Structure formats: structure tokens, C-alpha cells
Protein chains: 2
Amino acid sequence: MTIASALGEATFAGRLTAELAARRHLCAGIDPHAGLLADWSLNDDAAGAERMGRAVVEASAGVAACVKPQIAFFERFGSAGFVALERVLADAREAGLLVVADVKRGDIGTSFAAYADAWLTPGSPLECDAMTVVAYQGFGSLEGAFTHVREHGKGLFVLAATSNPEARDVQRSRREDGRTVAQAMVEDAQAFNASLLAGADEAAVATASKGAGPVGVVLGATLNLADFDIDVTLPVAKPVLPVLAPGFGAQGGRIEDAKAIFGGLGWALLANESRGILAGGEAGLAERIRTRSEALADAL
Amino acid sequence: MTIASALGEATFAGRLTAELAARRHLCAGIDPHAGLLADWSLNDDAAGAERMGRAVVEASAGVAACVKPQIAFFERFGSAGFVALERVLADAREAGLLVVADVKRGDIGTSFAAYADAWLTPGSPLECDAMTVVAYQGFGSLEGAFTHVREHGKGLFVLAATSNPEARDVQRSRREDGRTVAQAMVEDAQAFNASLLAGADEAAVATASKGAGPVGVVLGATLNLADFDIDVTLPVAKPVLPVLAPGFGAQGGRIEDAKAIFGGLGWALLANESRGILAGGEAGLAERIRTRSEALADAL
């Protein structure tokens with residue numbers, strides 16, 4: 001491994017850094033659920049999901065930082081849903097858009113490695129730039145994806161603190177080392193990113209330290225992170241920790257409050273919006289995406 | 001909802017109860033990973049995975065209690081892998097075999113509901129009898145699957161305590177109510193099953209109390225459950241809690257120790273074996289499955 005294979009310009013981390021430098025912070029959700037498909041006058045089937053996905057890709061290229069298909073809404077159609085998804089992903093690659101697969105996969109050993117292979121292997125039919133993952137089996141259970149991060153320049157977003165009320169049962173639980181579960185996910189992600197700098201020369205480390213790292217976290221935008229012992233007053237991590245934040249817009253988070261909510265964690269912020277840009281049908285989609293992207297650029 | 005729709009003879013819970021009464025405890029894994037496919041002289045592709053899956057189904061019908069495809073090993077082939085999986089699932093349905101989809105899905109709200117719809121909706125292309133789920137976002141985040149449990153007689157296995165060493169970071173963490181994360185998963189599953197008895201007449205409750213409930217847990221077979229504050233000396237839950245236990249056989253768990261390991265939790269035990277029955281190629285598969293199934297019947 002070299003620092004370039006995980007953090008260079010052509011990697012997820014490098015491309016995300018460029019998007020943020022261009023003041024693009026919007027992560028455009030692709031959530032073809034039944035209600036939204038009806039809103040678009042599309043059938044609740046794989047063809048409908050494909051149409052919505054390709055429309056979001058087309059409207060997002062050069063405007064949003066990335067797109068994030070929620071895989072559950074494709075998976076409900078079985079193999080036909082995955083055929084549709086592969087076409088959406090091919091469009092996104094051709095458009096040069098970063099794609100975060102919202103799959104929330106988690107397992108151990110060769111099983112987790114197989115999930116990581118599915119979504120992060122260069123040339124695989126479901127190849128994306130990054131995927132969301134769940135570490136109920138421990139941060140170390142994600143090892144099968146770390147290979148793709150180190151060698152193929154891919155990215156991860158590890159679930160840390162989420163906004164649904166019942167999540168606190170697990171995420172605020174106290175580990176034997178005294179940290180909360182959510183806090184440890186944040187710190188372990190930062191430590192992983194820092195480990196990528198080991199052995200590189202001083203100039204490369206200085207450059208990479210200012211950019212985004214490849215492993216980020218998911219943090220709800222409507223949370224008080226202090227409730228999870230996540231200290232947002234600490235200095236910005238090097239490399240900067242990417243934060244994927246759902247909850248702005250329709251769910252009530254105010255983008256103007258992002259700096260207060262995330263503090264030092266908010267310097268590589270991707271604000272996800274799904275319902276807010278999808279509701280209202282295909283007509284007006286491009287304008288809604290542009291408007292939200294501009295609002296984010298102004299606020300951040 | 002009636003008690004019959006969640007616990008009747010035709011449901012996952014009812015059929016599992018019948019399998020256990022017939023002394024079938026083996027959950028035959030379908031894990032088409034590269035090494036095992038090579039061992040079977042099959043290509044590492046969707047067709048190879050399909051061939052392995054259909055062979056395991058054929059050899060398991062009437063011998064094992066259920067089959068458990070590890071979905072990650074199909075997913076790595078993208079849509080082609082899901083086409084292969086759909087054929088394996090169709091075979092299993094035709095053979096009357098219970099199928100547990102080892103998908104470890106977890107999310108919230110409509111997204112989690114879409115995963116549950118994918119795997120548990122009667123008539124859907126990926127329909128199975130039960131699925132494994134992850135509740136990093138809280139036991140309550142599984143609500144989208146509970147509908148399928150209550151109304152369509154489906155089953156769940158919630159990850160509780162797993163055997164990989166790094167899992168303890170999360171699973172032994174202490175919740176604000178004093179329980180460990182893993183302990184709460186076990187107790188919440190038992191409480192959910194018990195809630196299904198509410199409002200039923202005395203005779204129905206008496207019958208259902210002796211059988212397996214629809215919501216079970218995954219507990220590693222090589223663990224000391226006391227390390228997670230899981231008390232195996234408590235009386236058997238009513239309905240009985242299904243336990244899906246990987247780790248017997250190749251991973252070192254001894255089936256003869258099952259009663260000591262699981263105590264009162266071990267009365268609806270499904271022992272998963274994957275590598276132990278798959279290694280050695282297709283020749284001999286049926287005999288390995290039969291041998292392991294008989295060993296389990298003798299030991300339990």
C-alpha cells in the first residue's frame with residue numbers, strides 16, 4: 001500500500017476532497033419507495049426504480065457531490081431490482097458522479113469480505129465508490145472492506161449515531177473502555193484514516209492531512225452529539241473525517257445549524273436529502289437539487 | 001392478527017416446532033465462497049453458486065431442519081447472483097424446506113421495511129421463511145419485519161452475541177438500563193414472542209407456549225454466555241426462543257456441549273454448519289449432511 005492508493009486524487013477520499021473544495025455538499029438520495037414512485041407517476045416495480053434512479057443521476061451530475069441509492073428499495077424487487085440498480089450505477093459512473101451505496105452491510109470474516117467485494121471491487125457489476133456499513137460485530141469486523149480502502153481507493157461510512165429514538169439503546173451503551181458505542185465508531189474511523197499516513201513522506205502527509213479520509217461515519221443531523229459523548233469541540237482530525245448526515249430538510253435538521261451540530265466533525269460534511277428532493281415528481285427535480293445544493297454551499 | 005397467523009402450524013414458528021419435534025436440528029449452510037467452489041470443481045461465478053445451492057437443497061430435504069444461504073456469497077455476483085439465488089430458493093420451497101436468509105439486514109423506518117418486504121413478503125422473488133437481522137439501530141428498528149411475523153407467519157433471527165473477538169466491544173457494552181446489548185436482544189426477542197400470545201384463549205396459549213416462537217437470536221456456539229450477562233439457568237421462555245448457533249463443527253464448538261452452553265436457551269436450537277458439510281466437494285455431500293444431522297439428534 002502507498003498513501004496514493006487510499007488517499008490520492010483518483011480515490012474516493014481524493015474525489016470527495018475535490019467535491020467539498022468546489023463547495024458541493026449535497027448527497028442526493030435515490031429512494032424509490034412506493035409512495036415516491038406514485039408521486040412520479042411510475043409503477044412500483046424495478047422499471048420505475050430504474051427510471052427514478054437514472055433521473056436523479058442525470059440531475060445530480062456536476063451539481064451534487066454524490067448520489068446515494070438506498071439499496072433496500074431496489075432489493076425488494078429481487079434480481080430485477082439489481083438489474084435496474086446496475087443500470088443506475090453505470091449511468092453514475094459514466095457521469096463521473098461519486099456513488100455511496102446505502103447498503104448498511106455488516107457481518108464477519110469471509111462473509112463480510114464478500115459484501116465488500118460486491119460493492120467495492122473495481123469492475124464488479126455493483127461497483128460503487130463507497131458503502132455504508134454496520135459494525136454490531138465490532139469495528140474490526142469491517143476488515144474485509146479495509147483492503148478495498150487501502151488498495152482500491154474505496155470509501156466507507158460506518159453507522160455511528162442515528163436519529164431514530166430506539167437507536168440510543170445500543171449507540172449510547174457504554175463499552176468496557178468507558179466510551180459509548182457511537183463515540184468509539186467515530187474515534188476508530190479517525191484512527192483508521194490516520195493509520196493510512198504511516199510511512200509516507202512529510203509532504204504527502206501534509207497534503208493528505210488537509211483532505212478527507214476514506215472512512216467516514218453516519219451521524220444524524222437532528223442529534224445532540226454530546227448525548228453520545230461525541231465531543232465536537234476537538235480539533236479537526238487529520239485526515240478529515242467524512243460525515244454523512246441524513247436528517248436535513250424534510251426530517252427537520254436545519255443546514256444553517258450544521259456548524260453548531262457537528263463542530264470539528266463537520267469539515268467534510270455530506271448532507272443527505274432524499275424525500276426533500278424526490279417529492280414532487282420528476283418535473284422540477286433538477287431545480288430542487290440545484291436549489292438544495294446552493295443552500296448547502298451558502299450555509300457551510 | 002390472530003395467534004394462528006404468527007404461530008400456527010403453517011408458519012415459520014409452527015414448522016420449526018415440527019422440525020425440532022422430529023429431532024432435526026441441523027441448519028445446512030449454503031456458502032458458495034471461492035475456496036469452496038474450487039473444492040467442488042465449480043467456477044467462481046453465479047452458475048457455480050447456483051449449482052452448490054441446489055445441491056445442498058436436494059441433499060437437505062427431509063434430513064436437515066433448514067437451509068441457510070449466506071447472501072453475501074451470491075451478492076458478490078450482482079444481479080446474476082440474485083437470479084441464481086432465486087432458483088435455489090424456488091427449489092427449497094418446492095422441497096418443503098425451511099429457508100433462513102442469512103442477510104443480516106438492518107436499517108430504520110421505510111428502508112428496513114423494504115428489506116423485510118424483499119425477504120419475507122409471500123410471493124416475492126426472494127421469499128424466505130426467516131431472515132437474520134442486525135439491530136445496531138435498536139430492537140425497535142425491526143418494526144418493519146414484525147408485520148411479516150405477525151401477519152404472514154415469518155421468522156427473524158436477531159444478532160445477539162457472536163463469536164468473533166472484536167464483537168465484544170459492542171455486544172458486551174452496558175445499556176443505560178444496566179443490561180448488556182446482547183442480553184437485551186435476547187430478552188427483547190423473548191418479550192416479542194410472548195406478546196403474540198396476548199388475547200388468545202387458554203388452550204391456544206398452552207399449545208403455543210410449548211412451541212418455538214417466530215423471533216429467535218443468533219448466539220455463537222463457542223461463547224461463554226455469562227460473559228454477556230446472558231443467564232442460561234433461567235426457565236425456558238414461552239414460546240421457546242429459537243437460537244441459531246454457528247460455530248459447531250469446523251469452528252470448534254462441540255455439539256455434545258450444547259446443553260451446557262445454552263441451558264434454557266437451547267430448547268429450540270438450530271446448529272448451523274457450513275464449511276463442515278460443504279468442504280470435500282459434491283460427492284459425499286448427502287452423507288455428510290445426514291451424518292451431522294444424526295449426530296445432532298443424538299446429542300440434543
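**Figure 1. Two helices of chain B meet at a slant, as seen where α4(B) passes α14(B).**
A word on angles comes first: under 35 degrees counts as roughly parallel, over 145 as roughly antiparallel, 65 to 115 as roughly perpendicular, and the rest as oblique. Please keep in mind, in this view and the others, that the model is predicted. What is the angle at which the axes of α4(B) and α14(B) cross? Helix α4 (residues 46–60) of chain B and helix α14 (residues 285–299) of chain B cross at roughly 50°, and their axes come within 9 Å. α4(B) and α14(B) are therefore oblique to each other. As for handedness, the crossing in which α4(B) passes α14(B) is right-handed. You can find the contact by looking for Ala55(B), Ala59(B) and Ser60(B) on α4(B), and for Leu285(B), Ala286(B) and Ile289(B) on α14(B). Of the residues in this contact of α4(B) with α14(B), 5 are nonpolar, 1 is polar and none is charged.

**Figure 2. In chain A, α4(A) packs against α14(A).**
Now turn to chain A and look for its α4 and α14. Here the axes of α4(A) and helix α14 (residues 285–299) of chain A lie 9 Å apart, and the packing angle is about 50°. α4(A) and α14(A) are therefore oblique to each other. Is their crossing left-handed or right-handed? For α4(A) and α14(A) the crossing is right-handed. On the α4(A) side, the contact is made by Ala55(A), Ala59(A) and Ser60(A), while α14(A) brings Leu285(A), Ala286(A) and Ile289(A). Sorted by class, the contact of α4(A) with α14(A) has 5 nonpolar residues, 1 polar residue and no charged ones.

**Figure 3. Eight strands close into a barrel in chain A.**
Follow the strands of chain A in the order β1-β2-β3-β4-β5-β6-β7-β8: these 8 strands form a closed barrel with parallel pairing. On average, neighbouring strands of this sheet are turned by 30° against each other, direction ignored. As a reminder, strands of a sheet pair through backbone hydrogen bonds, either parallel or antiparallel. For a closer look at one pair, take strand β3 (residues 98–105) and strand β4 (residues 130–133) of chain A, which pair in the parallel sense over 3 bridges. Which residue of β4(A) is the bridge partner of Val100(A)? The partner is Ala130(A).

**Figure 4. Helices α4 and α10 of chain A pack on the sheet of the barrel.**
Helix α4 (residues 46–60) of chain A touches β1 (26–30) and β2 (66–69) of chain A, and its direction makes about 165° with that of β1(A). Helix α10 (residues 181–195) of chain A also packs on the sheet, touching β5 (155–161) and β6 (215–219) of chain A. The direction of α10(A) makes about 160° with that of β6(A).

**Figure 5. Chain B meets chain A around a two-fold axis.**
A rotation of 180°, with 0.0 Å of shift along its axis, superposes chain B on chain A with an RMSD of 0.0 Å. That is the relation of a two-fold axis. The same surface serves both copies, since 100% of the contact residues of chain B recur in chain A. How many residues does each chain give to the contact? Chain B gives 46 residues, and chain A gives 46 residues. On the side of chain B that touches chain A, the elements giving two or more residues include α6 (79–94), α7 (109–120) and α10 (181–195) of chain B. The largest share of this side, 6 residues, comes from α7(B). The classes on this side of chain B are 19 nonpolar, 15 polar and 12 charged residues.

**Figure 6. α7(B) meets its neighbour α8(B).**
The axes of α7(B) and helix α8 (residues 143–152) of chain B come within 7 Å and cross at roughly 35°. Look for Phe112(B), Ala113(B), Ala116(B) and Leu120(B) on α7(B), which make the contact with Gly144(B), Ala145(B), His148(B) and His152(B) of α8(B). This contact of α7(B) with α8(B) has 5 nonpolar residues, 3 polar residues and no charged ones.

**Figure 7. Some loop residues have backbone angles worth a look.**
In chain A, Lys238(A) and Pro239(A) are joined by a cis peptide bond with omega of about -10°. Pro239(A) sits in the loop between β6 and β7 (243–246) of chain A. In chain B, the peptide bond from Lys238(B) to Pro239(B) is cis, with omega near -10°. Finally, where in chain A does Arg23(A) lie? Arg23(A) is in the loop between α2 (12–21) and β1 of chain A, and its phi is near 65°, a positive value in a residue other than glycine.

Definitions and conventions
Residues are numbered from 1 along each chain as its sequence is written. Chains are lettered from A and ligands numbered from 1 in the order in which they are written. This is a predicted model: local features need pLDDT of at least 70, side-chain atom pairs count only at pLDDT 80 or more; totals for chains, interfaces and linings use all residues. Two strands pair if DSSP finds at least two bridges between them. Helices (H or I, at least four residues) and strands (E, at least two) are DSSP runs, numbered from the N terminus. Axes are lines fitted to C-alpha atoms, for helices over the stretch in contact, and angles run from 0 to 180 degrees between N-to-C directions. Two residues are in contact if their C-beta atoms, placed from the backbone, lie within 7 Å. A crossing is left-handed if the near helix is turned anticlockwise from the far one by less than a right angle, and right-handed if clockwise. Ala, Val, Leu, Ile, Met, Phe, Trp, Tyr, Cys and Pro count as nonpolar, Asp, Glu, Lys and Arg as charged, and the others, Gly among them, as polar. Copies are superposed by least squares on the C-alpha atoms of residues with pLDDT of at least 70 in both.
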